[in-house]
Amino acid sequence: MDLDTTGWSGEGAFTQTLIDVFERLDQVAFLRVEDVPSSRSDVEYNFISNELFVRFRTRDRAVRTKLLGLLPVTRMVTEPVMSVTDLERALSDLGEVGPPDYADEGMLQYLRTERIVPPYQTRGYKLVELVRIYQAGTTPRRTEDDG
Amino acid sequence: MLAHHYRQRAGQTRRWRGARGAVAGVLLAAVAVVGVAVLLPLTANTRPVVRDITLEARDMAFYREGGTVPNPTIWLEAGEEVRFILRNLDLGIAHNLAIDGWQLETAYLDANASATLRVRAPEQPGSQTYVCQPHREMMHGLIEVVARGGSRQTRLQ
């Protein structure tokens, strides 16, 4: 699998888990990871938002059709071996990932929340990680203002 | 002689009718002027203008419509009436808008739903916090109520 992390700061443990999982999936040919500009932190929380763009491997398939509706011909069609819906099923079966919090035909979304209490401190902060997975080439759902 | 008499009567009748028409026209014009003078002020909207403040919930924060600053401070004038419109743009995450100090809250909204809170700011300047109740740590901002006639530039920030 080709991995492009040039647009990622490296923040997000769950994002790293997903990268590790994708590296094991034969159907994934390429993965690009990017930070989302809406990532931010405050005293009470650290919000990490990342986007993953996946390109699946393709296969050629022979399709029988009729030329001009008359002559039977065979055409070769290149299609991905997996869809976002298939990916959702595959990830849901994995214990370290599980089912997404939101899914549609074009996007999977995971929201992970954890309270972190640093050593020798009584008051912790909330770590929130929002990860959206798209098929490469799709427009992200974030608004244009987010970058 | 008789013919002359009838011609004279007919002339007098035409003049009388003409005078009556002129009087009726003047009366009609007067009624119209009075009517416009009385009714025109009634058509003016005397209710105070309600300002719409649209907030979008996205990426676990509130933004002004089309804005880029998360959880912005909202400035109101004392006594000002505003309508907060919340639109949830976070797919798969329910949000609401609540102003605890004024005991106001919307229902929890699914993605692409919206709700409205109508608020009259108190007469006393001060500040309140607006939150999304299930995500209040990340989604909270300030409502600053400033004295009436405060700097417009400040108020519109």
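**Aromatic rings and a nonpolar patch**

Visitor: How many aromatic pairs does a search of the whole structure find?
Guide: Three over all chains; rings of Phe, Tyr and Trp (its six-membered ring) pair if their centres lie within 6.5 Å, with planes under 30 degrees apart called stacked, over 60 edge-to-face and the rest tilted. This is a predicted model, where local features need pLDDT of at least 70, side-chain atom pairs count only at pLDDT 80 or more, and totals for chains, interfaces and linings use all residues. Residues are numbered from 1 along each chain as its sequence is written, chains are lettered from A and ligands numbered from 1 in the order written, and side-chain values use heavy atoms, leaving out hydrogens and water.

Visitor: How do A:Phe14 and A:Tyr110 pair?
Guide: They are tilted, 5.2 Å centre to centre with 50 degrees between the planes.

Visitor: Are A:Phe14 and A:Tyr110 buried or exposed?
Guide: A:Phe14 is buried because its relative accessible area is 7%, and A:Tyr110 is buried at 0%. Buried means under 20%, exposed over 50%, partly exposed in between (1.4 Å probe, protein chains only).

Visitor: What about B:Phe62 and B:Tyr130?
Guide: That pair is edge-to-face, 5.3 Å centre to centre and 65 degrees between the planes. Both residues are buried.

Visitor: Which charged end sits over the ring of A:Phe14?
Guide: That of A:Arg112, 4.3 Å from the ring centre. The rule is NZ of Lys or CZ of Arg within 6 Å of the centre and within 35 degrees of the ring normal. Likewise, A:Arg32 has its charged end over the ring of A:Phe53, 4.5 Å from the centre.
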